[in-house]
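Please follow the structure below from its salt bridges to its sheets and helices, and then out to its surface. The paragraphs are meant to be read with the coordinates open beside them.

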Amino acid sequence: MQQEQIEAHAEDRSELTLDEPASAASRRLRLLTYNVRHCRGTDGRVAPERVARVIADLAPDIVALQEVDVGRPRTDGLDQAEEIARLVGMFSHFHPALHIEEERYGDAVLTHLPSRLKRAGPLPGLLRRPGLEPRGALWVEVTAGASKLQVITTHFGLLGAERVAQAKALLGPDWLGDPACHAPTVLLGDFNATGWSRAYRRLSGRLTDARRLTGERRWRRGGATFPSRFPLLRVDHVFVSERVAVERIAVVDTPLARKASDHLPVLAEIRIEPG
């Protein structure tokens, strides 16, 4: 799909209507977290341009993507992070949690704002389960006006004990415990963890679930994001630190989003408060 087609599509937003994006100088930002399942939709078709349309509809400033393919035969060897970034007019940072020869698979952060990579690395699995899918995290510093926002995205594992180990690592000195990872900070991604899980409780002990700061009542089935065709579980989250005010948060439950991936994206509108 060409850039002009995506821009034209963005003029016709469906169920989720938003104001025009705020300027970086105002320190108001739109954040999107989206597990794209290597751009394979619920119809079985791999279509990065369709994922790009979902993103373009929302005009976010920062996008966190999970399950992104780079150089994999199953997705025609495409660099999906770069392709989606190109289609929506952003720059990309990518971290491969899985790297086998030329094939890579992992997480990405896209933004049109000035940014720099702070850290990218693995998260622990379980010693007794060596065959588990590798997991990682990506930390990018984004400049918005006079503020520098620390953005971390991740994709946790499927087992409870695995997720607890990964949450503990994220809270440790390499990530959220690093003095450089100071407020304002946002942690967002697919945590494979519901609100009553141990991993969620560990993370929400340090940061605040953005949903709890808005009084938002328009969440479908309590903010469920998975599976996209009939959402039952809220496993995709946005956590924020001090100095981040959350003005609105919504699950993007549109016909296009329900088809583009098996997860629905989550959009958060935030305001960075003065330090």
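In this predicted model, Arg72 and Asp69 are joined by a salt bridge whose closest N and O atoms lie 3.7 Å apart, and both Arg72 and Asp69 are buried. A second salt bridge brings together the side chains of Glu141 and Arg116, at 3.0 Å from N to O. The pair connects distant parts of the chain, since Glu141 belongs to strand β6 and Arg116 to strand β5, with their positions 25 residues apart. The two partners are covered to unlike degrees: Glu141 counts as buried because its relative accessibility of 7% falls under the 20% cut-off, whereas Arg116, at 45%, lies between the limits of 20% and 50% and therefore counts as partly exposed. Salt bridges with shared partners also tie Arg28, Glu247, Arg271 and Glu273 into one network.

The structure holds 16 salt bridges, and one of them is formed by Asp262 with Arg37, where the closest N and O atoms are 3.9 Å apart. This pair, too, links distant parts of the chain: Asp262 sits in the loop between α6 (255-260) and β12 (266-272), while Arg37 sits in the loop between β1 (28-35) and α2 (48-58), 225 residues apart. Asp262 has a relative accessible area of 16% and is buried, whereas Arg37, with a relative accessible area of 23%, is partly exposed.

With these pairs in place, the fold as a whole can be considered. The secondary structure of the chain consists of 6 helices and 12 strands, and of the 275 residues in the chain, 54% are buried. Among the contacts with a separation of 6 or more, 71% are made by residues 24 or more positions apart. The chain has an accessible surface of about 11900 Å², and carbon and sulfur atoms account for 50% of that area.

How are the strands arranged? An open sheet is built from 6 strands in the order β5-β6-β7-β8-β10-β9, with mixed pairing. Its edges are formed by β5 and β9 (208-209), each of which pairs on one side only. Strands of a sheet pair through backbone hydrogen bonds, and they may do so in a parallel or an antiparallel sense. Within this sheet, β7 and β8 run parallel and are joined by 6 bridges, and His155 stands opposite Asp190 in β8.

A further pairing is that of β11 with β12, which is antiparallel and extends over 7 bridges; here Ile249 has Ala268 of β12 as its bridge partner. Strand β11 (residues 244-251) is largely enclosed by the rest of the structure, because 7 of its 8 residues are buried.

Helix α4 (residues 160-171) offers a simple check of geometry. At 1.5 Å a residue, its 12 residues should span 16 Å, and its end C-alpha atoms are 17 Å apart, which agrees with that expectation. The buried residues of α4 are Glu162, Arg163, Val164, Gln166, Ala167, Leu170 and Leu171. Their cover includes the strands β5 (115-123), β6 (135-144), β7 (147-155) and β8 (185-190), together with helix α5 (198-204).

Which residues of this region does Gly125 touch? Leaving aside residues up to four places away in sequence, Gly125 touches Glu162 and Ala165. Gly125 is placed in the loop between β5 and β6, and its C-alpha atom is separated by 5.5 Å from that of Glu162, although the two are 37 residues apart along the chain. With a relative accessible area of 40%, Gly125 is partly exposed, while Glu162 is among the buried residues of α4.

The last stop is on the surface, where Phe230, Leu232 and Leu233 make a nonpolar patch of about 290 Å². Of these residues, Leu232 is found in the loop between β9 and β10 (236-240). Leu232 counts as exposed because its relative accessibility of 55% is over the 50% limit.

Technical notes: Residues are numbered from 1 along each chain as its sequence is written. This is a predicted model: local features need pLDDT of at least 70, side-chain atom pairs count only at pLDDT 80 or more; totals for chains, interfaces and linings use all residues. Side-chain values use heavy atoms; hydrogens and water are left out. Helices (H or I, at least four residues) and strands (E, at least two) are DSSP runs, numbered from the N terminus. The expected span of a helix is 1.5 Å times one less than its number of residues. Buried means under 20% relative accessible area, exposed over 50%, partly exposed in between (1.4 Å probe, protein chains only). Contact means heavy atoms within 4.5 Å. Two strands pair if DSSP finds at least two bridges between them. Patches are made of residues with over 30% relative accessible area and no salt bridge: like charges are joined within 9 Å, nonpolar side chains (Val, Leu, Ile, Met, Phe, Trp, Tyr) within 5 Å. Accessible areas come from the Shrake-Rupley method with a 1.4 Å probe; for residues, only the protein chains shown count as cover. A salt bridge is a side-chain nitrogen of Lys or Arg within 4 Å of a carboxyl oxygen of Asp or Glu.
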